[in-house]
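Me: I'm new to this structure and would love a friendly walk through it. Could you show it to me before we begin?

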Amino acid sequence: MTWGTHCLNCLAGCPYRVFTRDGVVAFEEQGGTIDPVSGGVPDLNPLGCQKGSAWSVQLSSDDRVVHPLRRVGDRGGGRWEQISWDEALAEIADSILDAIEEDGPESVVFEESVEGGLLAQAPFLRLAALLGAVTLDAQGLVNDLPVGQHLTFGTFSCASTVDDTFLADVLLLWHANPAYTSIPYFHFISEARYRGARVVAIAPDYNASAVGSDLFVPVRPGTDAALALAVCKVLLDEDLWDRPFVCTQTDLPLLVRTDTGRYLRARDVERGGDEEVFHLWDEVTGLRAAPRGSLALGELRPVLSGRWSVELADGSTVEVTPVMDLVRANLEGYAPDDAAAVCGVPASTIERLARMVAGKRCKILEGFNGPKYFHGDLMERSMCLLLALTGNWGKPGTGIQGLALGGLDGYFLFSMKTKKGVEETARVLDGIDLAVQAMRERDPDATAEMIGIQLLSLATASGTTAPPVFFNYHHAGYRETWNRQEWSDPTMSRGFDDYLSDAVRRGWWGGVARPGASSPPRVFFSVGTNPLRRARGGRAKLLDNLWPKLDKIVVVDFRMSATALHADIVLPAAMQYERVNVQYPITHMLRLSFSDAATAPKGESRTEWDIFAALARTIAERAAARGMHEYVDARRQTRHVDRIGDDFVLGGDFTDEEDVLDEWVRDSADAGTLPVGSTIETLRRDGSIRFTGLGGFAPGLAVATDVRADEVMTAFRWHVEQNLPFPTLTRRAQFYIDHPWFLDAGEQLPVHKEPPKMGGDWPLALTSGHARWTIHSIGMGNRPLLGTHRGRPLVVLSESDAAARGVVDGDQVRVANDHGAFEAMARVTPRVRPGQIIVYNGFEPHMFLRWEGANEVEPGMVKWLHLVGKYGHLRYLPFGWQPVPADRAVFVDVARAAESPTVAPPGPARRDGR
Amino acid sequence: MFTYSLQGLELTAEPTGVLEVEENETTARSAVYQVLGAFFASGDATSFEKSREGIWTKELTEAALLLPFALAGGEVLLAAGMSEGEYAAEFDHVFGGGRLLAGTGEAREAEVASVRRDYEYFGLAASEEAPHPPDHLATELDFLQYLCFKEAASSSPRLATSFRRAQRDFLSGHVLGRAAEVVAAARAAGAAQPFAGMAGLLGAFVADDHGYVAGLLGG
């Protein structure tokens, strides 16, 4: 028996016992060995779901790749030849070296992965860093992180551990369908309800999670902000709000100039005043600077309503008013009756919801869905306002739960080490201490969380990760789409081109706006990613625009994904159970889960560490053979390509992934993130270890709370219990964004905006969500899982919309808009609201007719305001603030395929490819 | 001044930092591990000679001068009339030809991998020329000797703490159990001196040292 987990983007990391007989995995079962954390709170056990329990089936599934393959004929033509590893690596190495010599290392592009675990990701990130290549930030591709939470709190990662759910009095399942997407955790919702909590499902469709709820609130797709703001209005009108919490935690007491709409800053009222010192109006002493080092206001008693005249540094006067007054005025537009007309939720239900939440411990379970709306940020900001008014964060059973990252310090430290061992770790940590000390000297009020952000920012400045918006704009064909203003928000006062060039010109993306227009991509790596299935904008966009520019497309995967089908070379990767790995650490779980090598990799498949170490060696050898020893990259760093093989393994210290993982674990233990004494053997014995700390880097620290061995972890306790400020511009939970672009767009406060007509003015809003039976496309080769449902792509639509179009359940239907089209089987159900259709995430394009999947109708629009930078907390961080492509509420229509004029036989639609 | 002396381990890189430190409580612990490691390395002629001349006892006494706790066990003398051949035979008898001093059974491979990783993380590797496997008690005591020295020699409080934690974890993870087996084996075999005495001294010392280090680390 060995421990196994699956390192999937559900991010659960459920420990499984994997049983092997005669070298073959026989079956797996849920571990159920997690100790209870806190008395009276259910434990995490058993963890797992049907997807994890069927993992071993895929070890020998039909779509498994087990030999290096090279394309024969046209890309996507489906003909391959088996080649040796040496041939494959030599061909890839030569392509990389050619690209570097002719166009520089930024012509080598890697897509960051969200699947496969840390040991699948670290190797190619390491090679990219050594080459000076470009790595496309996964957040800018998949858009899982809640942008509105970042706008409000200065961080994406606000998630408590999942057992905190049990402590809530009211649970709002908002944009989340945990019965599908969080199966291992769902019991906490049921247990909370058994304890007496009220469960409210807020969704357009009557989803599987709504079935077990106390109240179902059916909201029209994309109008959640109107609903949330209407609830906020009721809270204020009925005086159900938490004034002390609002005053302490938020920017609502801060003063705004009525002439410019900007915050009143110290530099306004005194010469040489600080740009980032803000003010409030004290009921006794009048105008006062708001403290920046603490949320606590001490003697100050801010007035939350009124208008005052303030003398400016130049002697003139200006009128100011608190943000709270602006919020009240803004909410005037969201009276329940008015909002009901927008969001489709009856006014009485809105009022009921407000009264249900007021005075209770309320938690919003948001999932990864909200941010995928074009105006998802506004929805989330509105939800956060609801929580602020009801005092609902930083206390057990409260807060908002979207995707949160975590920290494994050893992983971060590894990239800074030049040799193995504890002494090198201490050297690196001592260096970081010096940097931290310097940061504290510059800003004595900076919290550990802010320091963590600064450290990550420093690392980013010299790293290879870049937000993909620039790559997509210049090289992948998105520019024309993003400039279609009829598909974007009507409040844009300029074209997208103008905004983007303005943002670059102002230096808001300095150092990461790459590759630029003049750096054409030549070699493209997809390692465990699947852009042709996933890319908002569709497979056609990439095949027509990006693919022809690429000399070499390399896919590393264990299965023949849609992207692999269109690659030049496919390298077979070992699957979980065949190699050592750990799941991405996230704060939901607060555990590091381990997956052991229960059996040998199938065929010729290899681990990513092995593959990229071998590729690095091959690059060095072939560079030396062509007399190429070093080059200078775009950041003016000299890259010694002839020794890249040795550098990859640090001179031989890290020849296999067990060495690497052991180092990460030991270093994490040394840094205090894992229990002292933890090693790979600890993981091998226990399968999963609870973190003991958040680490010293931003992703973990963003939760802003202490980790205690015997307590459920509740996010934001530092803010509420210790009054430590937020890492925002105003250092408070910030609802008012006074950036000129936000003011221009009318989004300085959370408001409702109709979803733009992405795809054209069509009657049905296409939404999506993770399916119950797969994580992305990973499970699409798993026959037992496919057998649990219809096993093919489905268009789920309402009875009335189906009837209006003459569609009956089981019909093949064509879904189309101005961007593209696809066909799939109709599933007609009363649980989907009229006007909405759902295509669950994960089906491969080649499961659709003509290999055209649901992303063909998604234009992949990005919101122009997310190009803002250098505004307090609105600045790029890896897996953080950046433009992200929307794919919810895309407008389409549906017709029976038989009536469509373009029905063609199955098979790939031909695309030009070199 | 004190420095370390490795027998079954070697540095993986050129030594860094200071190579000698003023004697203190920590170097005393290192010194005791050094003596114990050498004793449990073999029952050869040199060991016999040191036993006959009382050198083991002398070395232990000197090493323990600055120990922060008393070294349990007194003078360890050679059994009366024991010859060099009998000495070697008794070593083999008590410790199963040295087999009892290293791991056995199905878990052996994992144990060896585990201690190897420990050595490598702290800048050492099991010497190719060493007469003992990496999981031999003598090698493990050698490692503890080194960890104590590095703690004493470290100018970085962070690093000193890392070395100290490593001592505690290595003791609890590997050496306490092995020492208990050695004590039990000596008792079961009715071991003659000095083996009975040294086994008892080993068991008491590693237990006391573990308690001491754990106390310094706060539990």
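Me: Into which domains is chain A divided?

Reply: Happy to help! This is a predicted model, where local features need pLDDT of at least 70, side-chain atom pairs count only at pLDDT 80 or more, and totals for chains, interfaces and linings use all residues. Residues are numbered from 1 along each chain as its sequence is written, while chains are lettered from A and ligands numbered from 1 in the order in which they are written. With bounds from an automatic or database domain assignment, chain A has domain 1 (2–60), domain 2 (69–141 + 407–701), domain 3 (147–241 + 334–402), domain 4 (243–329) and domain 5 (764–857 + 884–899).

Me: How many residues of domain 5 of chain A are in contact with domain 1 of chain A?

Reply: Two residues are in contact if their C-beta atoms, placed from the backbone, lie within 7 Å. The centres of these two domains, taken over C-alpha atoms, are 30 Å apart. Domain 1 of chain A brings 8 residues to the contact, and domain 5 of chain A brings 11 residues.

Me: Which helix supplies the largest share of the side of chain A that touches chain B?

Reply: Helices are DSSP runs (H or I, at least four residues), numbered from the N terminus. Chain A gives 14 residues to the contact and chain B gives 13 residues. On the chain A side, α16 (422–442) and α26 (657–671) each supply at least two residues. The largest share, 5 residues, belongs to α16(A).
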